[in-house]
Amino acid sequence: MRRILSTYAFVSRKLTPELLGQISAAGFAGVEIFCSRGHFDYNSKAEVQAMAGALAANHLILSSLHGPTSRDISATREGGTPVSICEVERVRRIDAMDELKRVIDVAEDLLYPRLMLHMGGPRETADPRKRDAAFSTLEHLILHAHHAGVVISLENTNTEMGDPVYLRNFVDETRLAGLRFNFDVGHAHLADGPEEERVEKSFAPLRELIAGVHLHDNHGEKDEHLAPYDGTIAWPAAIALLKSVQGENVPLTLELKEKTAPDAPSAGEQLEAARVAMDRFEQQWAE
């Protein structure tokens, strides 16, 4: 199993060669880079090219990019404008689409196979107008991504439009060729219903089109992005589900929440904890 880490764990700091070196030293073979300009300025060709060199120097593959969820005003200041494929207003929808095309264009200098996107913001309610907007946006993005050799994957989230059944119906009804899913185990654990059934219930509608997986844990109440085994997910059962799609070598990416409190552990300590969690996960996987 190839260990992949999402750089979301360090999203408020610059993704430097030194930080990549620490990730590599902790036993990770690759990364999923979270696209926030203060973290990784995907809009800067020079920075993209430098990132390609830094990844190679640290023997890390780029497994995927995670699309931005908000627009940064500059490389050092985050803006409050969301980047959403569900924008009903045409001007804002085109603006978001153009921003995501810039993310896709990273592949010109830094090859990567998958782009992870959310179906709207953190409180997106189902709305026929938003659905039509998402279809229009994705129709353009999928074509743009195809030419770049990138597969777009929609992630299950804790919203009406990010619900697994909604996502699957959206793909089946729109017949958007090439669109895939990123199955987020932590988000699935927050779905409605008995806690022991949530992950399997969320997994079932997406299974045939899963192109990536996010691993993280929680206590079934809020999106904590804890290391596996630090919450209440039944990992043996989750692993059994995930192994059913591993015939296609679907990458499993550890996606932890950043710790920034004054008494927070150092990057090295956080990476060591991540390594220990993945050791246990891989041991159960092998069993």
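Okay, let's start with one residue, Thr 69, which sits in the loop between E3 and strand E4, residues 70–74. Keep in mind that this is a predicted model. Is Thr 69 buried or exposed? Somewhere in the middle: its relative accessible area is 39%, so Thr 69 counts as partly exposed. If you leave out residues up to four places away in sequence, Thr 69 touches Phe 34, Pro 82, Val 83 and His 118. And if you're wondering about Asp 163, that one is 94 residues from Thr 69 along the chain, with 18 Å between their C-alpha atoms.

Right, on to the strands. We've got a closed barrel of eight of them, with parallel pairing, and the order goes E1-E2-E3-E6-E7-E8-E9-E10. From one strand to the next, the twist averages 30°. Take one pair from it: E2, residues 30–34, pairs with E3, residues 61–66, in the parallel sense, over five bridges. In that neighbourhood, Ile 33 stands opposite Leu 65 in E3.

Last bit, the helices. H1 covers residues 17–25 and H9 covers 267–286, and the two pack with their axes 9 Å apart, at an angle of about 30°. Angles under 35 degrees count as roughly parallel, so that's what we call H1 and H9. Their crossing is right-handed. Which residues meet there? From H1 you have Leu 19, Gln 22 and Ile 23, and from H9 it's Ala 267, Gly 268 and Leu 271. Sort the residues of that contact and you get four nonpolar, two polar and no charged.

That's me done, happy to take questions.

Conventions: Residues numbered from 1 in each chain as written. Predicted model: local features only at pLDDT ≥ 70, side-chain atom pairs only at ≥ 80, totals over all residues. Heavy atoms only, no water. Axes fitted to C-alpha atoms, helices over the stretch in contact; angles between N-to-C directions. Helix = DSSP H or I, 4+ residues; strand = E, 2+ residues; numbered from the N terminus. Parallel < 35°, antiparallel > 145°, perpendicular 65-115°, else oblique. Left-handed = near helix turned anticlockwise from the far one by under 90°. Contact = heavy atoms within 4.5 Å. Nonpolar A, V, L, I, M, F, W, Y, C, P; charged D, E, K, R; others polar. Pairing = 2+ DSSP bridges. Buried < 20%, exposed > 50% of the residue type's maximum accessible area, 1.4 Å probe, protein only.
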